[in-house]
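User: I'd like a close look at one helix in this model, the one that sits in the middle of things. Could you walk me through what surrounds it and how the neighbouring parts fit in?

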Amino acid sequence: MAKNAKGEVTAKYEGQSYKLVLNFNALCDFEDATRLNGLTLVDQIEAGNPIDARDMRHLIWAALRQHHPEATVELAGLLYTHNQKEIGQLLGASEGKPEAADVPGPLPEVTVEPVKPKRKTSIKTRQQ
């Protein structure tokens, strides 16, 4: 398993406490659900590299269902929204970096340049 994973944390949502455990079984549940390598994903998180939000939500779901097998991926997303610091600790995000880097922040602003339309070209065919 990932070297810096913290093991387990408690997250709260709407007055209820949820225990999340990132263990080997959770990584296997993540892999079963996504067909992605759970160890590689956790290593990416620990290194501070960005990951896909859906993958993050599924990893949280897998950690959540170790004590709450009825949990949904939607609940996992809500728990992350309301407990980013605690879940960042569970995942071992950015070990040794400043606290602000411990959990993924808002996505960076992206500027999109309009695409210029291509000129229409006509193809003439010879009529027989």
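Analyst:
**Helix H3 and its surroundings**

Nine of the 12 residues of H3 are buried, so this helix is largely enclosed by the rest of the structure. Keep in mind that we're looking at a predicted model.

The buried set in H3 is Asp-55, Met-56, His-58, Leu-59, Ile-60, Trp-61, Ala-62, Ala-63 and Leu-64. From its first C-alpha to its last, H3 reaches 16 Å, close to the 16 Å expected at 1.5 Å a residue. At its start, a side-chain oxygen of Asp-52 comes to within 2.9 Å of the backbone nitrogen of Arg-54.

What lies over those buried residues? The cover includes S2, H1, H2, H4 and H5. To place those names, the protein chain has five helices and two strands, and along the sequence they follow the pattern β-β-α-α-α-α-α. Across the 128 residues of the chain, 34% are buried. Of the contacts between residues at least 6 apart in sequence, 57% join residues at least 24 apart.

Now for the core. Nonpolar side chains tend to be buried together in soluble globular proteins. Here the largest nonpolar core has 28 residues, and those with the most contacts inside it are Leu-20, Leu-22, Leu-59, Leu-79 and Leu-91. Two or more residues each come from strand S1 (8–13), strand S2 (16–21), helix H1 (24–34), helix H2 (38–46), helix H3 (53–64), helix H4 (73–82) and helix H5 (84–91). H3 gives the most to this core, with seven residues.

Let's go round the neighbours, starting with H1. Its buried residues are Ala-26, Leu-27, Asp-29, Phe-30 and Thr-34. Looking down the axis of H1, you'd find them within an arc of 160 degrees, so they line one face of the helix. An α-helix has 3.6 residues a turn, so residues three or four places apart point the same way. The buried residues of H1 pack against S2, H2 and H3, while the face turned away from that buried side carries the exposed residues Phe-24 and Asp-32.

Both ends of H1 have something to look at. At the start, a side-chain oxygen of Asn-23 reaches to within 3.1 Å of the backbone nitrogen of Asn-25. Towards the other end, Thr-34 has 19% relative accessibility and therefore counts as buried, the cut-off being under 20%. The side chain of Thr-34 reaches the backbone oxygen of Phe-30 at 2.8 Å. Just after H1, Arg-35 takes a positive phi of about 65 degrees.

Next comes Leu-36, in the loop between H1 and H2, and this residue brings us back to H3. Leu-36 is partly exposed, with a relative accessible area of 36%. Leaving aside neighbours within four places in sequence, Leu-36 is in contact with Phe-30, Glu-31 and Asp-55. Asp-55 is one of the buried residues of H3. Leu-36 and Asp-55 are 19 residues apart along the chain, and their C-alpha atoms are separated by 8.6 Å.

H4 is another part of the cover over H3. In H4, the buried residues are Val-73, Leu-75, Ala-76, Leu-79 and Tyr-80. Their arc around the axis is only 155 degrees, which puts them on the same side of H4. These buried residues pack against S1, S2, H3 and H5. Among them, Leu-79 is also listed with the residues that have the most contacts inside the core.

That leaves the strands. S1 and S2 pair in the antiparallel sense over six bridges. Two examples: Ala-11 has Tyr-18 of S2 as its bridge partner, and Tyr-13 has Gln-16 of S2. The hairpin has two residues between the strands, and Glu-14 there takes a positive phi near 50 degrees.

In a regular strand the side chains alternate between the two faces of the sheet. You can follow that along S1: Val-9, Ala-11 and Tyr-13 point to one face and are buried, whereas Glu-8, Thr-10 and Lys-12 point to the other and are not. S2, the partner of S1 in this pairing, is also part of what covers the buried residues of H3.

Key. Residues are numbered from 1 along each chain as its sequence is written. This is a predicted model: local features need pLDDT of at least 70, side-chain atom pairs count only at pLDDT 80 or more; totals for chains, interfaces and linings use all residues. Side-chain values use heavy atoms; hydrogens and water are left out. A nonpolar core is a set of buried Ala, Val, Leu, Ile, Met, Phe, Trp, Tyr and Cys residues joined through side-chain atoms within 4.5 Å. Buried means under 20% relative accessible area, exposed over 50%, partly exposed in between (1.4 Å probe, protein chains only). Helices (H or I, at least four residues) and strands (E, at least two) are DSSP runs, numbered from the N terminus. The arc is that of the directions from the helix axis to the C-beta atoms. Contact means heavy atoms within 4.5 Å. A polar contact is a pair of N or O atoms within 3.5 Å; within protein, one must be able to donate a hydrogen and the other to accept it, and residues adjacent in sequence count only if both atoms are side-chain atoms. Two strands pair if DSSP finds at least two bridges between them. The expected span of a helix is 1.5 Å times one less than its number of residues.
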